[in-house]
Amino acid sequence: MSGRARLALCAWAATLMTSCALLPLVDPATWILQAALLLAAQSGVGAAARRVPLARPLTVAAQALVTLMLLTLVFARQQALAGLIPGPQAFQRFAELLRQGGDDIARYAIPAPLESDGIRLMLVGGVLVIGLLVDTLAVTFRSAAPAGLPLLALYSVAAGLSEGGTDWLWFLVAAAGYLMLLLAEGRDRLSQWGRVFGGAPRGPGPERSGGAVAPVRTGRRIGAFALGIALVVPLALPTMNGGLLDSAGTGVGSGTGGGGTISAVNPLVSLRDSLNVDENRQVLSLETDSADLSNLYLRIVSLDDFDGTTWKPSKRHITAVPDDAFPTPVGLGPGVKREEIRTTVSAADWYAQDWLPMPYPPSGVRVPGNWRYEPVGMTLVGDHGQNTRGLSYQVRSLNVLPTAEQLAAAPQPPAALKREYTALPDSLPDVVSRTARDVTAGAANPYEQAVKLQEYFALNGGFEYDTQVKVGSGSQAIARFLRDKQGFCVHFSFAMAAMARSLGIPARVAVGFAPGSPQADGSVSVGLRDAHAWPEVYFEGVGWTRFEPTPTRGSTPSYTVTDTPGNSVPDPALPSRNAQTEPSTAPSAGESCTAELKKVEGCASESAAAVPVSGGSGPKWYAVLAWVLGGLAVLLVPLAPMLWRLRARSVRLGAHGRSEADAAPHTLAVWQELTDTAWDLGIPPQESQTPRRAAARIVRLGHLEPDAAAAVHRVADAVEQVLYAPRPRLTAGLTEDVHRASAGLRAGVGRRTRSRALLAPRSAVRVAWALSARWTAVKRRAAAARPTLRKASGQQG
């Protein structure tokens, strides 16, 4: 292996080893296999371009172009020409995925699920960009030391996000990769000076002389010693907490507790490995003294920040969990009927949720482990890596039973609360507020408006519950949902909350589980299909109140059923779905339960609007043609060198004229075919040699038999006659001589060399040389045709 090839291999390995520091951030870690393959293709293109050779900028440009095409093939195939060539739509797809990845990073807890294409593009694309920088600096420009800067940037990003206790291991792997790259460059530089003596031999025989091995071995020892020092010395030094990058030792995760904040994290991240299965696996088992299970919703977290694209939790301050009773819920007055219920919750061994599912509003909880309390949403979130896996805990909660009269007579909420929970982005389409006003026309108060919104979605609006509908995004998402009227829980809850806010009613979205199914032993089973999202509306004197706009899901609250004759609201005591037959929210459908449905919104990460599935009759003819041509291109591009070589051999050895004028072209073409065949089989040409000496060299290096050697010399004699004779004449049998000599050359090499000569012939580089020569000639003619302006010259005497 040549020194530059070894350096390229080490650059690939160093980038990949440094990328291992990203493994704890995403689960599963299979993305690194894809990154390794794409990175190998990128390095291979660089090695081929340097072997041609191309100019350094052209080598980098070729690698960048191939990298872009590979990313297009993997992430934007449907938006690209022939699935490989990126266009405007492909770049829009990249921008959309990067934006989605940024949102996912803000929502997901570590480790994030790999199903997110945005995160996967960031990982794979980032590794490829770093790999291109490392290969350019270390191999193309032969400067391995500065290549450590992009490697350090990659490791720093991973180390800054990681919260695990194995950071020292990833540092060791990354540092070993960088040292390996430095040693490879040092070995290559040493080899350019000739043989390096490493001292007296340790044993008899010339094979034990040091050569270039001693400096390399010394470098390895120095590197290993430096790594040991870097790992061991910090253990002996006093540690220092705090600093610019420290969160004051607070917050969720590996901090020391005592306060801090929480931001938008994923409340359903623990379901990421189970939401797509058809089996309704049990998540939680409940034992409760509540007589009415229809109101036993288990809330995980509330989403109160709406940016026009999605709903997410606001950044909140967290405190220690109250020892005894929780504070009275915000807005709940003394005149509202309530009863305290006790519920024992047992989580499945596989269910590792960072947030604690509880009936709302909780009045007290007894839970083992490290948990923190967020007082605004009245939720508990795990600290120091705490989650619900196999956990059993007891919750005291209030079953608040307001009447319709109390809700209708509710006074205006506090100005600060109303301002926060009615905020809407300017990008929200006008159709949302216009539809809300039309639906609630005639309502006398916010309560009646909320009931009309619920009935619009659940009963008389013509909406259909459909888990197959794709989730849309952007400012027009809710408008599309209102137009198409198909969706599942997040579509209905997000749309109702946004419309309520447009009417000046404080609203937010809750994420958790709908009531489960009673079991024979008296317990209640909550399964994956019970995952749900619903809106909560605020009424002063009652507090945050649940509504259920999703048809065939959950149960209709009793306080939304009026005594109006002919009211079509179903009996609230009966669930509005059949737990055994009706499909549930995102977890029940594998097609719609992608990673998008596992985010904080409960069933989707994007807006609640639905994108209707196009109803075309099939792909267009030009799309089929593009795919066919793309497939042919993918097949033919790797075979292009072989096809060109076969075509060139056929032309050179094919039919030719019989006149003396045809002697020179035919003889020279036959000779070039012979030398190219030898080149493909490992004997590179030396253009400075005469035909006779070149023939002797081919015979010697090819270890040819007498018949094949004689054929080579006959072709060389014919070439000399063409070059030096005053009247060259045709020589018969040159084509047969070339076939005979080629057979002798192939017989003297192994199968691997013959396969390489067929599939990747070295002589195919003549195409690049010819194109380069033509380009140079074009530039020369253009320069010659350009008018020159001569400056007037002055003389001084």
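This passage walks through a predicted model, from its overall make-up to its pockets, cavities and a few individual residues.

A helpful starting point is the overall composition. The protein contains 21 helices alongside 24 strands. It has 797 residues, and 46% of them count as buried. Contacts between residues at least 6 apart in sequence give a further view of the fold: 72% of these join residues at least 24 apart.

Attention turns next to the open spaces of the model, beginning with the second largest pocket. Its volume is about 1,900 Å³. The lining of this pocket is made up of 40 residues, and Gly-44, Val-45, Ala-48, Ala-49 and Pro-641 are the ones that lie nearest the centre. Several helices come together here, with at least two lining residues supplied by each of helix H1 (3-19), helix H2 (31-51), helix H3 (56-75), helix H15 (621-652) and helix H21 (765-785). Helix H2 provides the largest share of the lining, 8 residues. In terms of residue class, 33 of the lining residues are nonpolar, 2 are polar and 5 are charged.

Enclosed spaces are also present, and the count comes to 3 cavities of 30 Å³ or more. The largest cavity holds about 390 Å³ of space. Around the largest cavity stand 27 lining residues, and nearest its centre are Tyr-360, Pro-361, Leu-398, Val-400 and Arg-546. Strands feature in this lining: strand E15 (392-401), strand E22 (531-539) and strand E23 (543-546) each contribute at least two residues. With 5 residues, E15 gives the most. The lining of the largest cavity divides by class into 17 nonpolar, 6 polar and 4 charged residues.

Two of the residues named for the largest cavity deserve a second look. Tyr-360 and Pro-361, both among those nearest the cavity centre, are joined by a cis peptide bond with an omega of about -5°. Pro-361 sits in the loop that runs between strand E11 (358-359) and strand E12 (362-366).

Among the helices, H17 offers a clear example to follow in detail. Helix H17 spans residues 691-702, which makes 12 residues, and from its first C-alpha to its last it reaches 16 Å, close to the 16 Å expected at 1.5 Å a residue. The buried residues of H17 are Pro-691, Ala-694, Ala-695, Arg-697, Ile-698, Val-699 and Gly-702. Cover for these buried residues comes from elements that include helix H16 (663-680), helix H18 (706-724) and helix H19 (734-747). Just after H17, His-703 adopts a positive phi of about 50°.

Positive phi values also appear in two loop residues elsewhere in the chain. Arg-142, a residue other than glycine, has a positive phi near 50°. Arg-142 is placed in the loop between helix H5 (117-140) and helix H6 (148-161). Because its relative accessibility is 24%, Arg-142 counts as partly exposed. Thr-552 is likewise a residue other than glycine with a positive phi, here near 65°. The loop that holds Thr-552 lies between E23 and strand E24 (610-611). Thr-552 has a relative accessibility of 30%, so it counts as partly exposed.

A contrasting threonine is found within a strand. Thr-379 belongs to strand E14, which covers residues 379-382. The relative accessible area of Thr-379 is 3%, so this residue is buried. Leaving aside residues up to four places away in sequence, Thr-379 touches Arg-299, Ile-300, Val-301, Trp-355, Met-358, Arg-372, Tyr-373 and Glu-374.

Cysteines complete the picture. A disulfide is a covalent bond between the sulfur atoms of two cysteines. In this model the count comes to 0 disulfides. Two cysteines can be described by their accessibility. Cys-10 has a relative accessibility of 10% and therefore counts as buried, since buried means under 20%. Cys-20 counts as buried as well, because its relative accessibility is 16%.

Notes. Residues are numbered from 1 along each chain as its sequence is written. This is a predicted model: local features need pLDDT of at least 70, side-chain atom pairs count only at pLDDT 80 or more; totals for chains, interfaces and linings use all residues. Side-chain values use heavy atoms; hydrogens and water are left out. On a 1 Å grid over the protein atoms alone, a cavity is a set of points where a 1.4 Å probe fits but cannot get out, and a pocket is an open set with protein on both sides within 12 Å along at least five of seven lines; lining residues have an atom within 4 Å of a point. Grid points are joined across faces, edges and corners, and a volume is the space filled by probe spheres set on the points. Helices (H or I, at least four residues) and strands (E, at least two) are DSSP runs, numbered from the N terminus. Ala, Val, Leu, Ile, Met, Phe, Trp, Tyr, Cys and Pro count as nonpolar, Asp, Glu, Lys and Arg as charged, and the others, Gly among them, as polar. Buried means under 20% relative accessible area, exposed over 50%, partly exposed in between (1.4 Å probe, protein chains only). Contact means heavy atoms within 4.5 Å. A disulfide is a pair of cysteine sulfur atoms within 2.5 Å. The expected span of a helix is 1.5 Å times one less than its number of residues.
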